[in-house]
Amino acid sequence: MTNNIFYSSDFGGNEYEKQHSGGYNRKTIDGKTVGCSRCVGYCKYDGHPGYLTAELRKKHNCCKKNCNYYISKPRRQRSDD
């Protein structure tokens with residue numbers, strides 16, 4: 001299964017955004033709060049929903065396991081205006 005778009009309708013972060021207007025801080029799957037620039041994806045698993053940093057993604061082997069709960073944050077394309 002390919003990963004969904006980061007802000008798709010099934011992205012669990014949308015509900016988080018509605019409930020928490022804490023600026024650019026995000027709650028990770030281990031309960032810590034980090035800046036959104038450190039987040040590389042989101043986990044929709046009911047047991048530990050939340051954002052993932054690169055370190056957490058590596059620790060949980062999300063990509064290697066091809067986890068269906070993991071939604072990767074897309075890379076932004078820079079415009080050369």
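In what order do the three strands of the open sheet stand? Here are some notes on that and on what surrounds it.

1. **Ground rules.** This is a predicted model, in which local features need pLDDT of at least 70 and side-chain atom pairs count only at pLDDT 80 or more, while totals for chains, interfaces and linings use all residues. Residues are numbered from 1 along each chain as its sequence is written, and side-chain values use heavy atoms, with hydrogens and water left out.

2. **Overall make-up.** The protein chain has two helices and five strands; these are DSSP runs, helices being H or I over at least four residues and strands E over at least two, numbered from the N terminus. Read from the N terminus, the elements follow the pattern α-β-β-β-β-α-β. Of the 81 residues in the chain, 27% are buried, where buried means under 20% relative accessible area, exposed over 50% and partly exposed in between, with a 1.4 Å probe and protein chains only. The chain exposes about 6,200 Å², and carbon and sulfur atoms supply 46% of that area; accessible areas come from the Shrake-Rupley method with a 1.4 Å probe, and for residues only the protein chains shown count as cover. Among contacts between residues at least 6 apart in sequence, 48% join residues at least 24 apart, a contact being heavy atoms within 4.5 Å.

3. **The sheet.** To come back to the opening question, the order is S4-S3-S5, in an open sheet with antiparallel pairing; two strands pair if DSSP finds at least two bridges between them. S4 and S5 stand at the edges with a single partner strand each, so one side of each has no neighbour in the sheet. On average, neighbouring strands are turned by 35° against each other, direction ignored; here axes are lines fitted to C-alpha atoms, for helices over the stretch in contact, and angles run from 0 to 180 degrees between N-to-C directions.

4. **Strand S3 and its partners.** S3 spans residues 39-43, and five of its five residues are buried. Towards S4 (residues 50-53), four bridges hold the antiparallel pair, and a hairpin of six residues joins S3 to S4. Within this pair, Gly-41 has Leu-52 as its bridge partner, and Tyr-42 stands opposite Tyr-51. With S5 (residues 70-72), S3 pairs over three bridges, again antiparallel, and there Cys-43 faces Tyr-70.

5. **Tyr-42 and Thr-53.** Tyr-42 lies in S3 and is buried at 8% relative accessibility. Thr-53 belongs to S4 and is buried too, with a relative accessible area of 5%. The two are eleven residues apart in sequence and 8.9 Å apart in space, C-alpha to C-alpha. Leaving aside neighbours within four places in sequence, Thr-53 is in contact with Thr-28, Val-34, Arg-38 and Val-40.

6. **The core.** Which residues make up the largest nonpolar core? There are seven: Ile-29, Val-40, Cys-43, Leu-52, Leu-56, Cys-62 and Tyr-70. A nonpolar core is a set of buried Ala, Val, Leu, Ile, Met, Phe, Trp, Tyr and Cys residues joined through side-chain atoms within 4.5 Å. Not counting residues up to four places away in sequence, Cys-62 touches Leu-52, Arg-57, Cys-67 and Tyr-70.

7. **The cysteines.** How many disulfides does the structure hold? The count is zero, taking a disulfide as a pair of cysteine sulfur atoms within 2.5 Å. For Cys-36, the nearest cysteine sulfur is that of Cys-39, 6.6 Å away. For Cys-43, the nearest is that of Cys-67, 5.5 Å away. Their surroundings are worth a look as well: Cys-36 is partly exposed, with a relative accessible area of 22%, whereas Cys-43 is buried at 7%.
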